[in-house]
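Subject: Structure handover

Hi,

Here is the structure I promised to pass on to you. Could you have a look at it before you read my notes underneath?

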Amino acid sequence: MSAFVRACALSELEEDTPKRVELDGTPVSLVRTEGEVFAIHDICSHANVSLSEGEVEDCQIECWLHGSTFDLRTGKPSGLPATRPVPVYPVKIEGDDVLVSVSQEN
Ligand code: FES
């Protein structure tokens with residue numbers, strides 16, 4: 001089951017600038033980068049920190065607190081101290097609408 005809900009307008013997303021949204025009670029960071037839009041759970045797997053406040057580079061988002069980076073395609077951390085992945089969610093673009101399914105992790 002995958003229920004896509006509208007997260008925001010595509011035109012609201014600036015390149016490499018994460019946007020935090022709440023979808024069905026789930027905090028999600030939306031990132032437009034390298035011609036695609038990604039949706040990653042907005043809480044770091046290491047501590048309760050919002051990933052949308054971090055920087056984006058090379059399809060990775062960096063946790064600002066301790067510097068672990070997470071792959072926006074897979075949610076996997078590339079370095080310590082985080083060892084567990086962060087959920088990532090499927091994204092669909094329909095016209096100017098960004099749709100995300102938080103009921104289904106990629
Ligand atoms: S809270 Fe994110 S790496 Fe520590």
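Below are my notes on the sheets, two aspartates and the cysteines.

This is a predicted model, in which local features need pLDDT of at least 70 and side-chain atom pairs count only at pLDDT 80 or more, while totals for chains, interfaces and linings use all residues. Residues are numbered from 1 along each chain as its sequence is written, and side-chain values use heavy atoms, with hydrogens and water left out.

First, the annotation. The unreviewed UniProt entry carries "domain: Rieske" over residues 5–100; UniProt positions are given in the numbering used here, feature names are shortened, and such annotations may be inferred rather than shown by experiment. Over residues 5–100 the chain is 44% strand and 0% helix, and the end C-alpha atoms lie 5 Å apart. Helices (H or I, at least four residues) and strands (E, at least two) are DSSP runs, numbered from the N terminus.

Now the sheets. Strands count as paired if DSSP finds at least two bridges between them. As background, strands of a sheet pair through backbone hydrogen bonds, either parallel or antiparallel.

One open sheet has 3 strands in the order β1-β10-β9, with antiparallel pairing. Its edge strands are β1 (5–9) and β9 (91–94), each of which pairs on one side only. Neighbouring strands of this sheet are turned against each other by 30 degrees on average, direction ignored; the axes behind that angle are lines fitted to C-alpha atoms (for helices over the stretch in contact), and angles run from 0 to 180 degrees between N-to-C directions. Between β9 and β10 (residues 97–100) there are 4 bridges, and V91 stands opposite V100 in β10.

Another open sheet is built from 4 strands, ordered β2-β3-β4-β8 and paired antiparallel. Because β2 (19–23) and β8 (88–89) each have a single partner strand, they stand at the edges, with one side of each left without a neighbour in the sheet. β2 is joined to β3 (residues 26–33) by 5 bridges, with V21 opposite V28 in β3. The hairpin of β2 and β3 has 2 residues between the strands, and D24 takes a positive phi near 50 degrees there. At β8, 2 antiparallel bridges make the link to β4, where A39 stands opposite Y89 in β8.

Two aspartates may interest you. D42 is found in the loop between β4 (36–41) and β5 (56–57). Is D42 buried or exposed? D42 is buried, with a relative accessible area of 0% (buried means under 20%, exposed over 50%, partly exposed in between, with a 1.4 Å probe and protein chains only). The side chains of D42 and R20 share a polar contact of 2.7 Å, a term for a pair of N or O atoms within 3.5 Å; within protein, one must be able to donate a hydrogen and the other to accept it, and residues adjacent in sequence count only if both atoms are side-chain atoms. Leaving aside residues up to four places away in sequence, D42 touches several others, among them P27, V28 and L51; contact means heavy atoms within 4.5 Å.

D71 sits in strand β7 (residues 69–71) and is buried at 14% relative accessible area. With the sequence neighbours up to four places away left out, D71 touches I40, C59, Q60, K76 and V88.

Finally, the cysteines. The structure holds 0 disulfides, a disulfide being a pair of cysteine sulfur atoms within 2.5 Å. The sulfur of C8 has its closest cysteine sulfur in C59, 17 Å away, which is too far for a bond. C8 is buried at 2% relative accessibility, and C59 is buried with a relative accessible area of 2%.

Best wishes
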